[in-house]
Amino acid sequence: MADKQLQLVIVTPERTVFDEPASALRFPLFDGQIGILPGRAPLVGRLGYGELKATTASGEKSFFIDGGFVQVKGAVVSILTARAIPTAEVKRSDAEEALKKASALPGTTEQQAATKAREIERARRLLTLAH
Amino acid sequence: MAKARAIVKRLKAVKNIRKITRTMELIATARFKKAMDRATEAAAYTKKISEIVADLSATNLTFTHPLLKAHETQTNGILLVLTSNRGLCGGYNGAVLRPALARQKELTGPLNLSVECSGRRGLAFLKYQQVNVTEQFTNFEDKPSYDEVEAIANRYIELYCSGKLDRLDIAYTKFESVSRQKAVVETLLPIGSIGGAADSTATEKKIDYEFLPSAGEILEEIVPAAFKARLFKCFLDAAVSEQIARRVAMKAATENAGDMIKSLSMQYNRARQSQITSELSEIIGGAAALEA
């Protein structure tokens, strides 16, 4: 009896944001999108920034996820992320401010440049979801 | 009559105080419940993190990360003290500040120690003790948010990784159970172990994970996340413990006020009775004098 459903659990340090069955998931890993269907082999991965889409019984759910980790274990998919914002609540003004802040970061040393690139990437992803 | 009046006045004042402390107790109870819910919800994240760490350690990986490594020369240290913004919470702040000050004295010699403090109560105390506080936070009430804690954590991580910080201690009240909270001083950096649940894997069935990118690179990311979660937990623990301490203190105050009201009304009744008796005996005495 193959699992026809995934259990999607999104946890942030503050609370469990989402805990519902889903039939398919799409979200960004550190190097690109990944799709997860029921019956996926166990996986631990690093998340990128961007949109998490889940097909659930009550329709399509969408969140902005802010880095972190994913763990697939049996039918349970756990997303550990610093922030998970429902896409409908992502504000354009916030995203623009984040991009401005990211662009203003110093990028003189190698480490700083990496941080800056990451922040800009994050802000851009946020901006594409904003409305 | 004068004495009875004075007692009535005191009685009224004590009754007022009882009303106030009773209300504060109720508020603290409500806040405690909320803080407690937050803390239990936050526990899910820490649990998951240690689960992944346990999975990682099952791959026989050697843990190397700048945050895990103790620096060879210890020159700079930070002591973070978590206290409350408000008073009227019994021994809560005193219990944290006592061991904190002891640790500060102990570390000041060998290390170039800077003290950081959250909470107005602690700031006032440290100022009185003439301890120089380099960084102060008063924005943490009963609901510390992750964003604020993360900002602090990021600063520590950066300082530690760049070698400007060799040791981070934190003094806070650890929440053990609803009836037990303990003021402790813990060393957060270097991180001793990020596992905690690592030994429970032996009983579990081993799962062969696919790691994306690699176990090593995931570890590199998970160590800071574990540190942030741990620091956040300290703040949450402190917030919950503060509300418990306040509830207990206010409960005791309400009970004391009740006892005081009892003894005061007894005194008042006695004063009134003796006044009536003396008036009566005066009248009888006067009548007897007229008859004679």
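A residue counts as buried here if 20 or more other C-beta atoms lie within 10 Å of its own, with C-beta atoms placed from the backbone. By that yardstick, in this predicted model, strand β4 of chain B (residues 167–177) has eight buried residues out of its eleven, so the rest of the structure largely encloses it.

The neighbours of β4(B) come next. On one flank, strand β1 of chain B (residues 76–82) runs parallel to β4(B), and five bridges hold the pair together. Within the β1–β4 region, V81(B) sits opposite A171(B) of β4(B). Strand β5 of chain B (residues 180–189) is another partner; here the pairing with β4(B) is antiparallel and counts nine bridges. Two residues are all that lie between β4(B) and β5(B), and the two strands make a hairpin. Along this pairing, I170(B) has E186(B) of β5(B) as its bridge partner, while K174(B) stands opposite K182(B), also in β5(B).

Zooming out, these strands belong to an open, five-stranded sheet in chain B, ordered β3-β2-β1-β4-β5 and mixed in its pairing. The edges are taken by β3 (133–137) and β5 of chain B; each has a single partner strand, so one side of each lacks a neighbour in the sheet. On average, and with direction ignored, neighbouring strands of the sheet are turned by 25° against each other. A helix also joins the picture: α5(B) lies across β1, β4 and β5 of chain B, and runs at about 45° to β4(B).

Now for the contact between the two chains. Chain B puts 23 residues into it and chain A puts in 20 residues. On the chain B side, α1 (2–57), α4 (146–161), β6 (210–212) and α5 (215–291) each supply at least two residues. The largest share of that side, eight residues, comes from α1(B). Sorted by class, the side of chain B that touches chain A has 15 nonpolar and eight charged residues, and no polar ones. Strand pairing also links the chains: β4 of chain A (residues 43–56) runs parallel to β6(B), with three bridges joining them. In this pairing V44(A) stands opposite F211(B) of β6(B).

Chain A itself is split by its domain assignment into domain 1 (6–87) and domain 2 (91–129). The centres of domain 1 and domain 2 of chain A, taken over C-alpha atoms, are 23 Å apart. Contact between them involves five residues of domain 1 and five residues of domain 2. On the domain 1 side, β4(A) gives the largest share, with three residues. That side of domain 1 has two nonpolar, two polar and one charged residues.

One residue of chain A rounds things off. S93(A) is part of helix α1 of chain A, which spans residues 92–103. A residue is exposed if 12 or fewer other C-beta atoms lie within 10 Å of its own; S93(A) has 8, so S93(A) is exposed. The C-alpha atom of S93(A) is 8.9 Å from that of H131(A), with 38 residues separating the two along the chain.

Note on methods
Residues are numbered from 1 along each chain as its sequence is written. Chains are lettered from A and ligands numbered from 1 in the order in which they are written. This is a predicted model: local features need pLDDT of at least 70, side-chain atom pairs count only at pLDDT 80 or more; totals for chains, interfaces and linings use all residues. Helices (H or I, at least four residues) and strands (E, at least two) are DSSP runs, numbered from the N terminus. Two strands pair if DSSP finds at least two bridges between them. Two residues are in contact if their C-beta atoms, placed from the backbone, lie within 7 Å. Ala, Val, Leu, Ile, Met, Phe, Trp, Tyr, Cys and Pro count as nonpolar, Asp, Glu, Lys and Arg as charged, and the others, Gly among them, as polar. Domain bounds come from an automatic or database domain assignment. Axes are lines fitted to C-alpha atoms, for helices over the stretch in contact, and angles run from 0 to 180 degrees between N-to-C directions.
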